[in-house]
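Here's a quick briefing to read alongside the coordinates. Have a look at the model first, then we'll go through it topic by topic.

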Amino acid sequence: MADETNLKLVERIGARTIGAARYVGGASLLLASTVGWTFRGLVSPKVRLDHRSLATQMVRVGVRSLGIVCLVQGFIGVILALQMEPPLKQFEQQSQIASIIGVAGFRMLGPIFTAVILSGFAGASIAAELGTMVVSEEIEAMDAMALNPVRFLVVPRVLATLTMMLLLTPIADMMIALGGYGISRGVLGPSVYNEYWKLMQNMLTYPDFFTGLTQGGVFGLLIGLIACYEGLNVRGGAEGVGRATTMTVVYSIVAIVLAACTFTVLFYVFEL
Amino acid sequence: MRVFFTMTDNDNNANRDDREPVIEVRGLVKRFGCHTVLSGVNLDVYPGEMLVIMGGSGCGKSTLLRHLIGSYIADEGTVKLFGQNVAELDDAAYDEFKKRFGVLFQSGALFNSMTVGENVALPLKEHTDLDDATIDIMVKIKLEQVGLRQAEDLMPSEISGGMKKRAGLARAVSLDPEILFYDEPSAGLDPVTSAEIDFLMMDLARKLGVASVVVTHEMDSAFRIADRMIMLDKGNVLMDGPRSDFEALRDSGLTGAPAKDTVRQFLRGDSEGPITQRRQNSGFEDDILNAAAGID
Ligand SMILES: Nc1ncnc2c1ncn2[C@@H]1O[C@H](COP(=O)(O)OP(=O)(O)O)[C@@H](O)[C@H]1O
Ligand SMILES: [Mg+2]
C-alpha cells in the first residue's frame with residue numbers, strides 16, 4: 001500500500017520534471033528562433049524588421065506601464081526609508097538610509113519590481129492577445145500565407161519588453177531614490193535628508209547601475225518570451241486564453257526570481 | 001470528357017482523369033495520441049474542379065485540410081502538392097508552395113490589428129516586390145471582386161461575419177493562387193449570406209480557374225457548389241464521386257449497403273439511420289462498461 005503511494009509520488013514528480021523540461025526546451029527553441037529572426041531582420045535587406053509594429057508594442061508595453069511603475073517604485077522608496085530608520089537610529093546611522101536605498105534600489109529592487117509589474121501588465125496582455133489569435137485561427141492563417149509568426153509577432157513583442165525594461169529600470173531606480181528622499185523630507189528629518197544625495201552618490205558605483213540594468217534586460221526578455229510562448233501554445237478556446245494569461249504571470253515571476261538569484265550568485269562570486 | 005467512378009473502388013482509378021492532379025493523397029493516417037483521426041484517406045484534386053469534403057462534426061475534415069495546407073505532417077501515407085511529396089520539402093521550399101494556394105478559415109482569420117485593406121495587402125507586401133501604389137490598386141481590385149470595396153479602411157471588428165469571410169477570401173486570392181481551401185465557409189452565416197458566399201466561391205473558381213477544396217457539413221451549400229464530393233466518416237472516405245451520384249443516392253430509397261445508407265442518411269439529414277444507430281449502440285456499451293467499473 002505504502003509502496004503504491006510512493007510509486008504514484010515518484011511518477012508524479014517524474015511527470016512534473018518532464019513537463020518542466022519540455023517547457024524550458026520549448027521556450028528555448030522559441031528564443032533561438034526569435035534571436036535568429038531578429039538577426040536576419042538586422043542584416044538581411046529582404047527580412048526587414050517591422051518598425052511600426054515594434055513601435056506599437058513598445059508603446060503598449062512601456063509607455064502604458066510607466067505611470068504604475070513610477071507609483072509603485074516611489075512607494076518602495078518610502079517603505080524602505082521608513083522601515084530602516086528605527087534600527088539605524090539605534091546606531092546613529094540613519095543618514096545611511098540613502099546609501100542602502102541606493103544600492104538596494106539600483107542593484108535589485110528597481111529592476112525586479114519593474115519586471116513583476118510588467119509581467120502582470122504587458123506579459124498577461126501579450127499572452128491574451130496571441131492566445132486569442134490562436135483561437136481565431138489567425139496564427140494558422142499566417143502560417144498558411146508563409147508568414148512566420150515568430151518573425152511577425154514574437155520578435156516585435158520580445159524586443160519591446162526587452163528595450164522597455166532597459167528604459168524603465170533607470171526610471172524605476174530614480175523613483176525609489178526619490179521616494180526615500182520625499183519621505184525623509186516629510187517625516188524623517190534633516191539628519192536623513194541633508195546629505196541624502198551626496199551619500200547616495202558616494203556609495204553607488206557603475207557596477208551597481210549596470211548589474212541592475214543587465215538584470216532588467218534579462219527580465220524583459222524572459223517576460224516577452226514566456227508571454228509569447230504561453231500565447232502561441234493556447235489550446236481549447238477562451239478558457240485556454242485565460243489559463244495562458246494567468247500562467248504567464250506565474251511563470252514570469254518564477255523565472256524572474258530564479259534569474260535574479262542566479263545573477264546575485266554570479267555577481268557575488270565575481271565581486272561585481 | 002472525364003470518367004467518374006461512383007464508390008471508392010480503386011480499379012477505376014486508372015481511367016479517371018488524364019490530367020495530373022494538383023493534390024494527391026494516398027493512405028493518409030493521422031493520430032493524436034491513441035486517437036486515430038484519419039485512417040488511410042485517399043484523395044485527388046484536379047485542376048479547376050470544386051471538391052467538397054463532407055462529414056459529421058469531429059470526423060476529421062479540418063484535420064485533413066490541415067494536412068493539405070501543411071500545418072500537420074502525416075503519420076503515414078503521402079500528401080503530394082503539384083506532384084511533389086510535401087514530406088520531402090524543407091521549410092523554405094514549403095513556403096514557396098504556400099504562395100501557390102489560398103486558405104479561407106472558418107472565422108475568416110483576419111488580423112484584428114489591421115484594416116481590411118491592410119489584411120489583403122499583407123501577402124502582396126511580403127511576397128512580392130511590387131511598390132505600394134501597385135499593391136494599393138491590387139487590393140482595391142481584390143476587394144471589388146468580393147464586393148467589399150467600401151470596407152477597405154474598416155477594422156475587422158467593425159464588419160459582419162459574412163463580410164469577414166469575404167475579406168478573408170480577398171486575402172486568400174491576393175497572390176492569384178492555384179488552389180483555394182475553404183474550411184466551413186458557410187458556418188455561422190444566415191442562409192442568404194451563405195448562398196452569397198457560395199456564389200462568390202464559384203465565381204472566383206471560374207474567373208481564376210483555380211481548384212477549390214471545400215470542407216462543409218451544410219448539404220444545401222455542398223450540392224450547390226460541388227463538381228465532385230467526398231464523404232468522410234470516422235477518418236475513412238465512405239464515398240467519392242461526382243455530384244450527380246450523391247444527388248441520386250440522396251433521392252433514392254434505402255440501399256441495404258451500410259456505407260451507402262450512412263452517406264444517404266447524412267445527405268438527407270434523416271433522424272433515423274445507421275449513424276444514429278451507431279451512436280446509440282456505442283453509448284449503450286459505454287454506459288454498461290462504466291456501470292460495471294463502478295461495481296467493485
Ligand atoms: N491538435 C489536435 N490534438 C488532438 N486532437 C485533435 C487535434 N486536432 C483535432 N483533434 C481531434 O481530431 C478529431 C477531428 O477534428 P477535426 O478535424 O477538427 O473535425 P471536423 O471534422 O469537425 O473538422 C476531433 O476529435 C478532435 O478532437
Ligand atoms: Mg472543422
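In what order do the elements of chain A run from the N terminus on? They go α-α-α-α-α-α-α-α-α, so to speak a plain roll call: nine helices and zero strands. Keep in mind that this is a predicted model. Chain B is where the sheet discussed below sits.

**Chain A: overall build**
- Along the principal axes, the C-alpha atoms of chain A fill a box of roughly 65 × 65 × 35 Å.
- Chain A has 272 residues, and 47% of them are buried.
- Take the chain A contacts between residues at least 6 apart in sequence: 83% of these join residues at least 24 apart.

**Chain A: surface and charge**
- About 13900 Å² of chain A is exposed, with carbon and sulfur atoms supplying 69% of that area.
- Chain A carries 18 positive and 17 negative charges, and the mean positions of the two sets lie 6 Å apart.

**Chain A: helix α3**
- Helix α3 of chain A spans residues 97-135 and has a kink of about 60°, centred on A:Gly105.
- Just after α3(A) comes A:Glu137, which takes a positive phi of about 65°.

**Chain B: the sheet**
- Four strands of chain B make an open sheet in the order β2-β1-β4-β5, with antiparallel pairing.
- Its edge strands are β2 (35-45) and β5 (84-85) of chain B, each pairing on one side only.
- Strands β1 (residues 23-32) and β4 (residues 76-81) of chain B pair in the antiparallel sense over five bridges.
- Opposite B:Ile23 you'll find B:Leu81 in β4(B).

Definitions and conventions: Residues numbered from 1 in each chain as written. Chains lettered and ligands numbered in written order. Predicted model: local features only at pLDDT ≥ 70, side-chain atom pairs only at ≥ 80, totals over all residues. Heavy atoms only, no water. Bend = angle between axes of the 7 residues up to and from the residue. Helix = DSSP H or I, 4+ residues; strand = E, 2+ residues; numbered from the N terminus. Buried < 20%, exposed > 50% of the residue type's maximum accessible area, 1.4 Å probe, protein only. Contact = heavy atoms within 4.5 Å. Areas by Shrake-Rupley, 256 points an atom, 1.4 Å probe, with all protein chains shown as cover. Lys, Arg positive; Asp, Glu negative; His and termini not counted. Charge placed at Lys NZ, Arg CZ, Asp CG, Glu CD. Pairing = 2+ DSSP bridges.
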